[in-house]
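I wanted to keep a record of what I looked up in this structure, entry by entry, with the cut-offs written beside the terms. The entries follow the order in which I went through the model.

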Amino acid sequence: MALSDEEIKKKIVDELYWDTRVDASKVQVTVDNGRVTLSGTVPSYTARTRATWDAWNVDGVIWVENNITVRPPPTVTFLSDEDI
């Protein structure tokens, strides 16, 4: 039995919620005929990647497009090229 787009979306949101590496409140999920689009912001590339895997873990997903932006917290400092 194929899942509806709404059922797929709910399952993905649940996966994101239970994944402690992803802040689900910052990720938006849309589903169209099993094709998932993720958008929003997360603080790390790990969280971005995990969100993709969480979506792929749901039955009925045939494609995942990850448009999530990585925006590190303002307290994170990066070394300049000169400092390196």
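**Entry 1: the hairpin.** I began at the hairpin of β1 and β2, where two residues lie between the strands and N33 takes a positive phi near 55°. The strand names are those of DSSP runs (E, at least two residues), as helices are runs of H or I of at least four residues, all numbered from the N terminus. I looked up how β1 and β2 pair, and found the antiparallel sense over six bridges; two strands count as paired if DSSP finds at least two bridges between them. Beside the turn, D32 stands opposite R35 in β2, and further along I noted that V27 has G40 in β2 as its bridge partner.

**Entry 2: what I am reading.** I note that this is a predicted model, in which local features need pLDDT of at least 70 and side-chain atom pairs count only at pLDDT 80 or more, while totals for chains, interfaces and linings use all residues. Residues are numbered from 1 along each chain as its sequence is written, and side-chain values use heavy atoms, with hydrogens and water left out.

**Entry 3: the sheet.** I followed the strands outward and found that three of them form an open sheet with mixed pairing, in the order β1-β2-β3. The edge strands, each pairing on one side only, are β1 (27–32) and β3 (63–70). Neighbouring strands are turned by 10° against each other on average, direction ignored; here axes are lines fitted to C-alpha atoms, for helices over the stretch in contact, and angles run from 0 to 180 degrees between N-to-C directions. Strand β2 (residues 35–42) runs parallel to β3 and is joined to it by eight bridges, and in this pairing S39 stands opposite N67 while V42 has V70 as its bridge partner.

**Entry 4: helices on the sheet.** I then checked what packs on the sheet, taking contact as heavy atoms within 4.5 Å. Helix α1 (residues 5–18) touches β1 and β2, and its direction makes about 155° with that of β1. Helix α2 (residues 45–56) touches β2 and β3, and its direction makes about 160° with that of β3. In β1 the covered face is V27, V29 and V31, and the uncovered one is Q28, T30 and D32; in β2 the covered face is V36, L38, G40 and V42, against R35, T37, S39 and T41 on the uncovered one.

**Entry 5: E15 and D54.** Is D54, in helix α2, buried or exposed? D54 is buried, because its relative accessible area is 2%, where buried means under 20%, exposed over 50% and partly exposed in between (1.4 Å probe, protein chains only). Leaving aside neighbours within four places in sequence, D54 is in contact with E15, L16, D19 and V22. E15 lies in helix α1 and counts as partly exposed, because its relative accessibility is 32%. With the same neighbours left aside, E15 is in contact with D54, N57 and V58. I also noted that the C-alpha atoms of E15 and A55 are separated by 7.4 Å, although these residues are 40 apart along the chain.

**Entry 6: a surface patch.** Last, I found that W53, W56, I62 and W63 form a nonpolar patch on the surface, with about 470 Å² of accessible area together. Patches are made of residues with over 30% relative accessible area and no salt bridge, with like charges joined within 9 Å and nonpolar side chains (Val, Leu, Ile, Met, Phe, Trp, Tyr) within 5 Å. A salt bridge is a side-chain nitrogen of Lys or Arg within 4 Å of a carboxyl oxygen of Asp or Glu, and accessible areas come from the Shrake-Rupley method with a 1.4 Å probe, only the protein chains shown counting as cover for residues. I62 lies in the loop between α2 and β3 and is partly exposed, with a relative accessible area of 48%.
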